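Hi,

Here is the structure I promised to send over. Have a look at it first, and then read my notes underneath.

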Amino acid sequence: MASFWLASLLSALSLGAFHVSAFDNSRSDNLAVYWGQNSYGATHSDTANWQKTLSTYCQDDSIDAFPVAFLNVFFGPGGVPSIDLANICSTTNDPLFPGTNMPDCSFLASDIQFCQSKGKIVTISLGGATGAASFTSDDQASAFGDTIWNTFLGGTSSVRPFGSAVLDGIDLDIEGGGTAHFAAFVNRIRTLASGASKQYYVTAAPQCPFPDAYMSTVLNAVGFDAVYVQFYNNYCEVSNAGNANDWDFESWDNWAKTQAINKNVKIYIGAPASSTAAGSGYVDASTLANIALETRSQYSSFGGVMLWDASQAYANNRFDAAVKNAIRQGGVTSTSSQPVTVPTSSRSSTVSTTSTPSTTSHTSTSTPTTTATSGNCAGVSAWVANVAYNGGDTVIYNGHLWTAKWWSYGDVPGGAAGDWTDSGACTSFAAVKPTAHSAAMSASVASIPTTPVA
């Protein structure tokens with residue numbers, strides 16, 4: 001009898017141990033953390049703390065949502081978009097799909113599926129600091145919705161950068177170009193997902209000055225499930241939360257309740273995960289948690305915290321875990337928004353090599369490249385593999401400031417091509433910003449020939 005009781009108890013414990021709660025957008029203690037840009041690697045040369053593969057960050061229940069950053073080129077060769085995932089997968093060291101500039105990152109399929117099996121969502125983030133793509137018409141935007149659906153979500157295509165993995169949605173981090181016709185893009189995604197069996201989410205990452213200069217039009221035109229407001233690199237950043245003249249979460253809460261299409265949209269406090277993750281706005285984990293808890297007590301739209309990014313959070317004494325543990329609560333705390341659902345598809349995955357590090361970061365309003373002197377890398381963007389640079393452009397790479405000698409694309413600073421001049425090690429960092437050429441980036445990239453994969 002005792003043996004039977006013990007066996008039953010162990011069986012129950014075992015079942016409980018393997019029970020995984022699915023992501024719940026209605027909660028007010030979610031933690032979303034961007035992954036893909038190796039922000040730590042842009043400002044530190046110690047490779048031990050550089051960004052790891054996605055599954056590393058899914059080992060515990062600290063992080064609930066992973067926007068994968070970034071799809072920063074909308075229309076590349078063959079009309080196919082391109083992604084850059086820094087030291088994990090990029091156009092420089094990984095195979096490309098034939099006739100495109102899309103790297104084959106299908107070795108990440110198992111990582112994505114592992115995270116999803118742990119109840120987390122993984123979405124693709126479009127834009128970023130160097131992304132400057134835009135649409136010329138509703139028809140073009142709607143057709144791009146089909147492209148994203150078939151490339152990353154529930155559709156099928158010969159170009160599936162994450163192989164058999166089906167992502168859980170899209171995130172719009174539009175910090176350049178324009179957002180005209182973006183509503184048609186989101187509506188097409190919603191239409192394709194309508195009535196399907198897999199939950200699908202649409203999020204956005206505007207900057208905190210309200211209304212956001214780039215995102216306000218699309219935010220008011222279509223329904224979003226969550227908005228990861230970047231409360232950093234601006235006067236309204238979390239470090240100014242005690243100043244009622246600067247801290248404007250109330251404006252975003254009011255928007256959520258009075259203007260948003262989805263009145264159940266969740267507003268997140270976006271914050272840097274380290275002092276080197278943004279130019280300004282960083283506060284320690286305890287301070288951020290207290291701001292979040294106070295905000296939650298005042299505004300029912302509060303959905304949780306967003307951090308930039310995973311590499312910085314892990315290197316900063318597990319900043320993510322500290323924040324999550326502080327805001328964690330039991331039970332569902334508000335009415336649920338209604339995410340669209342999508343069917344899953346199946347494709348085989350193959351393993352690829354990893355690539356050299358590059359990063360992009362959330363930024364404040366776009367400005368031309370800052371000409372920095374040795375030791376001061378304030379205002380300079382990190383090098384990105386699938387961005388074309390002009391002579392004189394400056395970037396941060398591996399903790400150093402580099403200046404382009406001439407037009408350069410895909411050539412690593414310090415590499416054999418000799419495209420870059422090492423202007424010295426950075427001793428200070430601030431907000432990484434888009435370069436002056438970013439507005440024309442898509443057109444430049446589209447004209448670059450690619451080598452088909454054998």
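Below is what I found, starting with the ground rules and then going through the links, cores and charged pairs.

The model is predicted, so to speak with the usual filters: local features need pLDDT of at least 70, side-chain atom pairs count only at pLDDT 80 or more, and totals for chains, interfaces and linings use all residues. Residues are numbered from 1 along each chain as its sequence is written, and side-chain values use heavy atoms, with hydrogens and water left out.

**Overall picture**

The protein has 11 helices and 16 strands; these are DSSP runs numbered from the N terminus, with helices being H or I of at least four residues and strands being E of at least two. Of its 454 residues, 59% are buried. Buried here means under 20% relative accessible area, exposed means over 50%, and partly exposed is in between (1.4 Å probe, protein chains only). The exposed area is about 16200 Å², and carbon and sulfur atoms supply 53% of it (Shrake-Rupley method with a 1.4 Å probe; for residues, only the protein chains shown count as cover). Taking contacts (heavy atoms within 4.5 Å) between residues at least 6 apart in sequence, 74% join residues at least 24 apart.

**Disulfides**

How many disulfides are there? The count is three, taking a disulfide as a pair of cysteine sulfur atoms within 2.5 Å.

- Cysteine 58 and cysteine 115 have their sulfur atoms 1.9 Å apart. This pair links distant parts of the chain, 57 residues apart: cysteine 58 is in the loop between α2 (39-43) and β2 (65-71), and cysteine 115 is in helix α3 (residues 109-117). The torsion about the S-S bond is about 95°, so this disulfide is right-handed. Cysteine 58 and cysteine 115 are buried.
- Cysteine 89 and cysteine 105 sit with their sulfur atoms 2.0 Å apart. Each lies in the loop between β2 and α3, so the pair ties together parts 16 residues apart in sequence. The link is left-handed, with -85° about the S-S bond, and both cysteines are buried.
- Cysteine 208 and cysteine 236 also form a disulfide, with 2.0 Å between the sulfur atoms. Cysteine 208 is in the loop between β5 (198-204) and α6 (216-221), and cysteine 236 is in the loop between β6 (226-230) and α7 (249-258), so parts 28 residues apart in sequence are tied together. With a torsion of about 90°, the disulfide is right-handed. Both cysteine 208 and cysteine 236 are buried.

**Cores**

A nonpolar core is a set of buried Ala, Val, Leu, Ile, Met, Phe, Trp, Tyr and Cys residues joined through side-chain atoms within 4.5 Å. The largest one has 88 residues, and Phe162 and Phe185 touch the most other members. Helix α5 gives the most to this core, with six residues. The neighbours of phenylalanine 162, leaving out residues up to four places away in sequence, include Val68, Cys105, Ile112, Phe152 and Leu167. There is also a second, separate core of 17 residues, with Ala32, Tyr201, Tyr268 and Ala278 among them.

**Salt bridges and helix α10**

The structure holds nine salt bridges, each being a side-chain nitrogen of Lys or Arg within 4 Å of a carboxyl oxygen of Asp or Glu. One of them joins aspartate 64 and lysine 324 at 2.8 Å, N to O. That pair spans 260 residues, from the loop between α2 and β2 to helix α10. Aspartate 64 and lysine 324 are buried.Helix α10 (residues 319-327) has further buried residues, including Phe319, Asp320 and Val323. Their cover includes β1 (30-33), β7 (266-272), α8 (285-298), β8 (302-308) and α9 (310-315). Aspartate 320, at 0% relative accessibility, forms a salt bridge with arginine 318, the closest N and O atoms being 2.9 Å apart. Salt bridges that share partners join Asp60, Arg318 and Asp320 into one network.

Arginine 190 and aspartate 225 form another salt bridge (3.5 Å, N to O), and both are buried.

Cheers
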